[in-house]
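Colleague: I have a structure to go through and not much time. Can you walk me through it?

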Amino acid sequence: MIQHFSSKSQPLTAVLIGAGSRGYAAYGPYALTHPDEIRFIAVAEPHDARRERFAQAHAIPPQRQFRTWEDLLARGKIADAALICTLDRLHVEPCITALEAGYDVLLEKPMATTLSDCVRLVQAAERAGRLLQICHVLRYTAFFSKLHEIVTSGRLGDIITVEQRENVIYWHMAHSFVRGNWRDSETESPMILAKCCHDLDIMHWNLGPSQRLNSFGSLLHFRAENAPPGAPERCIDGCPVADDCPWYAPRIYLGEHTGWPVSVISEDTSLDARRRALETGPYGRCVYHCDNDVVDHQIVNIEFESGVSAALVMHGHSHEEARTLRYDGTRATLCGKFAYGRDDFIEIHDHLSDRVERITPSAGDSGHGGGDEGIMSAFVRAARDPEQSLTTARESLESHLMAFAAEQARVEGTVVDMATYRQRAETLGRGS
């Protein structure tokens, strides 16, 4: 058995399970720019090219390159930490196995695709006495850190109402939630969980426990009956409205840009390879002829235990990728926009003086406005000293409970009492 563990004077050692877009491009680079903090010594990834790409970047020898997480974790604990960046539906078993083996775990969000599995993960971490952190990267951005500082400082007075919007740009909606991996709520998760457990986590962080909620929304636009006359199954097969369709696949994927999301459709990003991907793969399909079922718009209305009323709006028809928000308090109103480092701002409108203070938090160089680098830095600190952890698995669970409750409320047309819902969730976790 390989024994290669760090002391506080040595870098944390880690294994990566899932070397796709998030594992390779979002979290892996932190180890390359901060080799004194963390070092990857093994990788598990079934896709040969992705596994080899990550191994080459991090100088991982062949004997520590594995096709499956089972093969890697069968070696026992060979490092301090495990990063799990598989598809959402594949999170649970490797995470529980890693925790039971003694690893501290950084797990991509959402935790799991079912309520019972989310609770199982938290219970497993608490049972094993290990650190389990969820990649709620927004907490680790300068923007949302400043928002939290302002809200908790009392600068706004008592918070009365909150509005948060997750404005998903039109092509991202089509890429991820119509054509892509997160289009099907049965095989992955409801969109309110996949896209907005971040936003619900921020609400919980700032406002405390939720008391009850309801929700409305549907798949309104990306349906077969809305297809233009004569639209083929694939955009590339002579679409008669190509010049008038915002989601026309060649326009999105066959330009000069080859980074995300274009890099997702083919390992080879040459023009010929991308064209072949549109001819044969899921990303070339007409948005009206896909097997998608997740909503393209949803509103969640929440009453918090403090009495604050809040609304979260999520939709996939925005002109830009940006979260916008408004917090109304008894002494001031806060408005803001988080656009991942593009024109981010927070404005505080003071009731007494009518003065407007504008704050422009600096975004980091990594993805999610610096959040990807922020979560890695925080995880390294927490693995060395759990007292420095900004959030626990139990606290991260709350946003997932709110998301599943919102989906239940949307489908059933009910108002969900969160205290009862939490109790039921704990029972479900123990019974799984």
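Modeller: One term to begin with: a pocket is an open set of grid points with protein on both sides within 12 Å along at least five of seven lines. Also keep in mind that this is a predicted model.

Colleague: OK. What volume does the second largest pocket have?

Modeller: The volume of the second largest pocket is about 240 Å³. Its lining has 14 residues, and the closest to its centre are Thr113, Pro190, Phe404, Glu407 and Gln408.

Colleague: Which helix gives the most to that lining?

Modeller: Helix 13, with 5 residues. Helix 5, helix 13 (393-412) and helix 14 (418-431) each supply at least two residues.

Colleague: And how does the lining of the second largest pocket split by class?

Modeller: There are 6 nonpolar, 4 polar and 4 charged residues in that lining.

Colleague: Back to helix 5. Where is Gln123?

Modeller: Gln123 is in helix 5, which covers residues 115-128.

Colleague: Is Gln123 buried or exposed?

Modeller: Gln123 has a relative accessible area of 12%. The cut-off for buried is under 20%, so Gln123 counts as buried.

Colleague: What is Gln123 in contact with?

Modeller: Apart from neighbours within four places in sequence, Gln123 is in contact with Glu426, Gly429 and Arg430. With Glu426 there is also a polar contact of 3.1 Å between the side chains.

Colleague: New topic, cavities. How many of 30 Å³ or more does the structure hold?

Modeller: The structure holds 1 cavity of 30 Å³ or more. The largest cavity has about 70 Å³ of space.

Colleague: Which residues line the largest cavity?

Modeller: Its lining is made up of Pro228, Pro232, Arg234, Cys235, Cys239, Val241, Cys245, Tyr248, Cys286, Val287 and Tyr288. By class, that lining has 10 nonpolar residues, no polar ones and 1 charged.

Colleague: Now helix 7. Why is it described as largely enclosed?

Modeller: Helix 7 covers residues 170-178, and 7 of its 9 residues are buried, so the rest of the structure largely encloses it.

Colleague: Which residues of helix 7 are buried?

Modeller: His172, Met173, Ala174, His175, Ser176, Phe177 and Val178 are the buried residues of helix 7.

Colleague: And what covers them?

Modeller: The cover includes strand 7, helix 8 (191-207), helix 9 (249-253), helix 10 (262-265) and strand 10 (309-318).

Colleague: You mentioned strand 7. How many bridges join it to strand 11?

Modeller: Strand 7 (residues 159-169) and strand 11 run antiparallel and are joined by 8 bridges. One pair to look at is Arg165, whose bridge partner in strand 11 is Thr324.

Colleague: Is strand 11 mostly covered or uncovered?

Modeller: Mostly covered: strand 11 spans residues 322-329, and 6 of its 8 residues are buried.

Colleague: What does strand 11 form with strand 12?

Modeller: The two form a hairpin, with 2 residues between them. They pair in the antiparallel sense over 6 bridges, strand 12 being residues 332-338. Across that pairing, Tyr327 has Leu334 of strand 12 as its bridge partner.

Colleague: Last one, strand 8. How many bridges join it to strand 9?

Modeller: Strand 8 (residues 210-218) is joined to strand 9 (residues 297-304) by 8 bridges, and the two run antiparallel. There, Leu213 stands opposite Ile302 of strand 9.

Colleague: And what about strand 8 and strand 15?

Modeller: Strand 8 also pairs with strand 15 (residues 416-417) in the antiparallel sense, over 2 bridges. Arg212 stands opposite Asp417 in strand 15.

Note on methods
Residues are numbered from 1 along each chain as its sequence is written. This is a predicted model: local features need pLDDT of at least 70, side-chain atom pairs count only at pLDDT 80 or more; totals for chains, interfaces and linings use all residues. Side-chain values use heavy atoms; hydrogens and water are left out. Helices (H or I, at least four residues) and strands (E, at least two) are DSSP runs, numbered from the N terminus. Buried means under 20% relative accessible area, exposed over 50%, partly exposed in between (1.4 Å probe, protein chains only). A polar contact is a pair of N or O atoms within 3.5 Å; within protein, one must be able to donate a hydrogen and the other to accept it, and residues adjacent in sequence count only if both atoms are side-chain atoms. Contact means heavy atoms within 4.5 Å. On a 1 Å grid over the protein atoms alone, a cavity is a set of points where a 1.4 Å probe fits but cannot get out, and a pocket is an open set with protein on both sides within 12 Å along at least five of seven lines; lining residues have an atom within 4 Å of a point. Grid points are joined across faces, edges and corners, and a volume is the space filled by probe spheres set on the points. Ala, Val, Leu, Ile, Met, Phe, Trp, Tyr, Cys and Pro count as nonpolar, Asp, Glu, Lys and Arg as charged, and the others, Gly among them, as polar. Two strands pair if DSSP finds at least two bridges between them.
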